[in-house]
Amino acid sequence: MWQLIALIVCLAGALVLAARRSPLWLWALALLAITSTWQIGLLEGHLEVPSFGPLSLLGWLPAVALGALSIPPLRRSVLVSPAFRFIRRALPRLSEVARQSAGAGTAGFDAELFGGRPDWDKLRAVPPMTLTDEERAFLDGATEQLCRMIDDWRNRHDQDIPEEVWRFLKEHHFFGLRIAKRHGGLGFSAQALSLVLGKVASRSPDVFTIIMIPNSLGLGELIETYGTDEQKRHLLPRLARGEDIPCLALTGPASGSDAAAMRDVGTVTRGRYQGADTLGIRVSWDKRYITLAPNATLLGLAFHLFDPDNLLGKGEDVGITVALVPADHPGVVIGSRHLSAGTAFPIGPTSGKDVFIPLAWVLGGEDMAGQAWRMLMECVAASRAIALPSCAAAGVKSMLRVCTAYGRIRRQFRSPIARMEALQEPLARMVEAAYVSEAGRAVTAAMVSRGEKPAVISALMKYQTTERLRAAVNDAMDLHAGRAVCDGPANYLQSAYQMVPAAITVEGANIVTRALMAFTQGALISHPYLGREMQACQDADEQRGLAAFEHAVLDHVSFALSNAAGAFIHNLTAGRLAKVPARTLGTARWHRQLWRASRNFAFVADVTIVLLGARGLRIRQRLTGRLADALSELYLLACALKRHEDDGMPAEDRPIVAFAAQNGLYRFQQAMRGTIDNFPVAWARRLMKIVVFPLGAPYRPAPDRLGHKIVRLVLEPGELRDRLTRYIYLSTDPNEPTGLLEVALEKAIRAEDAEKKIDRAVRRGLVRRYHGIDWIGDAARQGVISEAEAELLREVEALTARVIAVDHFDPDEVRPNYMTPGDNIRAARGAAAEWSQRRAINRASADEPAG
Ligand SMILES: Cc1cc2nc3c(=O)[nH]c(=O)nc-3n(C[C@H](O)[C@H](O)[C@H](O)COP(=O)(O)OP(=O)(O)OC[C@H]3O[C@@H](n4cnc5c(N)ncnc54)[C@H](O)[C@@H]3O)c2cc1C
C-alpha cells in the first residue's frame, strides 16, 4: 500500500514539475529530496517507507546527472555541443526553393495550437466582420446586380462567359478589388473580397473564377507587393480597369504539384527590343491549365533563370523568376482552350520558344530575379486563405439553402423528403459544414485583412473547406436525385458539381496540401521551437548557432515534458481542469475540450516531429495527413466558437455549435488514434497511447437526436436558416430556379395542413389523385378542404410542378462532347439562342393547372 502511495506521490510531483515547465535544477532538487527521504527513512527506521533494495540508490544518479546538466558550461560541453555538431552535419542543405518556401508566410492561431496552450484572447483579437460603407454598398449593389444578370445555364451551355458580363465586371472594377485606390483599384479588405467572391460563387462558380484570378495570384497582388514603381504605375491601373486581363502561368506538363521543378527556362543575354540593343532574357516555356490564358493580355510567366555569363552578378543559377509578358509579344503562343469539366471560365495552355524579353519585364526588376518562389509562396498563403475557402463556404451554404427548400417541397410517400430520417443525416452534415466553413472563412479573412499571410491556416482552410464542399454537393445531388442529374436551365446544382474537381485541384491539390503543407510545413512555421532549432543549426556563425540551439533545445525539452504531463492530467480529469476563457457562457464545455485536445495535439505532434525528422515527415504522409486533419479540426472548432461569440451567442445556434463540436472532436480523436496506432516507433506508440488515451477514447459522434433537432430548426424558413446561409446570393425571382424554390417553400409550408387532409382523403378513397382528375376540386366539393385551402393548394401544386420539373431538349439542340470543340461551341451557341424560349415553354407547361 505504502509503495503505491509513494509511487503516486512521486508521479504527481513529476507531473506538476513537468506541467509547470520547471527548470532542470528544480528536477534535480526534487529527485534529490525524494532519494534522501527514502534513504534516511530506511536507515533510521523512522519512516514506514518501502525498500527497493539497492535500486533506491539509483535515485542519486539521475539527481546528480540533472544537477550537473544544470551547470551551463558542463551541459554545453557534454551534451549540447556534440548534439549540435551532429545535427548540423546530418541536416540536409536546403535548396534555394526550400529555403524561400520555409521563409514564406506567417504563423497565426495555428502556432497556439502547436504550442498546446491556445490563448483565446489572440483569437478574440481578430476583429469580427467589419466592412466599410463603400465595401457594403459594393456587396449589396454591384455584386447583387452582377448576380442577377448572370445566366448560369447559358454560361455552362456555351462554355463561355458572355461579353456583357465581362463588360460589367470591367466597368465596376471587379478585377481590381484589392488593388490600392492610388493605383486605380477599389482598395478593399480581404474580408470584403472574400464576401464578394463568395456571393458571386453562390451564383456562378465560373464568374467567381474569372474574378478570383485577377484578385489573387493573377498578378495584381504580386505587382502591388513586389513590382517596380514603373510596373505599378503602368500595369495596376490597367488591371484595375480590366484593360489588361492577367493570368499566372506556373504549371507545366512535367511540373504540377511540384511546380518548382518547372522545365521552362530563361537565359540572360543581350538582344534587340524595339530596335535597340537590350539586356534581357531568352525564354522558352510550355505551360498548361492556365486560368484566363485564352483571354489574357498579360502573362505572368514563371521560369527558371540562368545567367551563364554572370551579367546580373548573381551567379549562373539565378533561380525561379516571374516576368510580366504582354500576350501579343512576338513568339507568345496563347489563346486555345481546355474544356475543363464542362465549366465556362477560360483556361488553356501557353508556350513560347526562344522568346526575347527585356529584363525590365522581370517582376520587381533585376533585383528580384531569382526571388519569385518566395513571392509566389507569400502571395499564395494569402490568396489561398481567401479565394477557395470563400467559394467553398458559399457553395456549402447554397447547397443547404436549396436542399432545405427542395427537401421540404418534394414529397414522396406522402411526406416531404427532408423529414425522412435517412435524409436528415446529409442535411445535418450540411448544417454543420455551413456553420463551420463560414466561421473559418470569416476568421481567416479577418486575419488576412490585418496583414497576416497565414501559411498553415491557408493550407488547411483550402483543403478542409473544399472537401466539405465536395461532401455537401454530393449530399445535395443525392437529395435531389434525378432532379439534379438532368442538366438544363432548371438545374441549379450542376455548376457546383462540375466545379468541385477544379476547387479540389487548384492552388495546391488537396491530397498534397493535406499531406505536405498543413502539418509538415506547419511544423516548421508554427512549432514554437523547431524553426529556431533548425535556424540555429544552419547559422553560419557556429558559436552563435550553438548558443541559440542550446536555448531552443532547453525550452523544447521543458515544452515536451509539459505537454506530456498536461495532456495526461487533462485526459485523466476529462478536461475539467482546462483553462476556459471568460464570457463563454454555454460553450465553456467545448472550450475546455479544445484546450485539452490542443495539449494532446501538441504532445503527439512534437513526438512525431522529433522522432520522424525532416525526411520522415516527407515520407510518412498518412501520419502527417492525419495530424493535418487533427490540427484542422481544432482550428475550425476554435473558429466555430468564435463565430458563436461574435454572433452574440444566440441560444438557437447552440445545438449547432454542440453538433459541430462533438463531431469535430470525434474526428480529431480518430485522426489522433490513426496517428498513434500507426506510429512506426513501438515505445513512442505505447507512450502516446498512455498519455493520450489513459482511460480510452473519450469522444463520440454527435447523437442522432441532436442531428434531428438541428435539421428541424433549419427546415423552417426564418432567422436561423437565413443566418446559416448568410452572404450568398438569394433570388426571390420565381422565374429563376432558386428564386422559385424560395417562393414555393413559403407557400408549401402554409399548405401543409391542407395537404395532409387531402392525403387522408386519398387514403380513405374519398379522392383519387391521378393525371386528368381535379382532385383538389373534388376534395373541396366533398368538404375535405375549404375553398381558400383549395386555392392555396392549386397554387402550391403549380409551383411544385415547376420546382420538380427537369429540362428536355430536341436532339438537334444539344451536341455530344466528342465533336470538335469548334463544332461543339457553334452547336451550343445555336442551341443557346433557343434556350430562353425553351425555358418559357417548360414554365408554361408547368404552369398548367393541377389535374
Ligand atoms: C481548373 C484549373 C485551373 C488551374 N489554374 C492554374 C493557373 O491559373 N495557373 C497555374 O499555373 N496552374 C493552374 N492550374 C494547375 C494546378 O495548380 C495543378 O493542376 C495542380 O498544382 C496539380 O498539378 P497536376 O494537375 O499536374 O497534378 P499532379 O501534380 O500530377 O498530382 C496528381 C496527384 O498526386 C498528388 N501528389 C503530387 N505530389 C505529391 C506528393 N509529394 N505527396 C503526396 N501527393 C502528391 C496530388 O495531390 C494529386 O492528387 C489549374 C488547374 C486546374 C485544374
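Two exercises with worked solutions follow, on the ligand surroundings and on a helix pair.

The model is predicted, so that local features need pLDDT of at least 70 and side-chain atom pairs count only at pLDDT 80 or more, while totals for chains, interfaces and linings use all residues. Residues are numbered from 1 along each chain as its sequence is written, and side-chain values use heavy atoms, with hydrogens and water left out.

**Exercise 1.** Determine which residues come nearest to the ligand, and describe the polar contacts of the ligand.

*Solution.* Begin with the shell, where a residue is near if one of its heavy atoms lies within 4 Å of the ligand: of 18 such residues, Leu248, Thr251, Ser257, Tyr289 and Thr291 come nearest. Next, sort the shell by residue class, which gives 12 nonpolar, 6 polar and no charged residues. Then turn to polar contacts (pairs of N or O atoms within 3.5 Å): a side-chain N or O atom of Ser257 is 2.7 Å from an oxygen atom of the ligand, one of Thr291 is 2.7 Å from a ligand nitrogen atom, and a polar side-chain atom of Gln621 lies 3.0 Å from a ligand nitrogen atom. Finally, the ligand taken alone exposes 980 Å², of which the protein buries 68% (Shrake-Rupley method, 1.4 Å probe).

**Exercise 2.** Classify the packing of helices H9 and H12 by angle and by handedness.

*Solution.* First, take the axes of H9 (residues 142-149) and H12 (residues 190-203), which come within 9 Å and cross at roughly 15 degrees. Angles under 35 degrees count as roughly parallel, and H9 and H12 are therefore roughly parallel to each other. Last, the crossing of H9 and H12 is right-handed, the near helix being turned clockwise from the far one by less than a right angle.

How values were computed:
Polar contact = N/O pair within 3.5 Å; in protein donor to acceptor, adjacent residues only side chain to side chain. Nonpolar A, V, L, I, M, F, W, Y, C, P; charged D, E, K, R; others polar. Axes fitted to C-alpha atoms, helices over the stretch in contact; angles between N-to-C directions. Helix = DSSP H or I, 4+ residues; strand = E, 2+ residues; numbered from the N terminus. Parallel < 35°, antiparallel > 145°, perpendicular 65-115°, else oblique.
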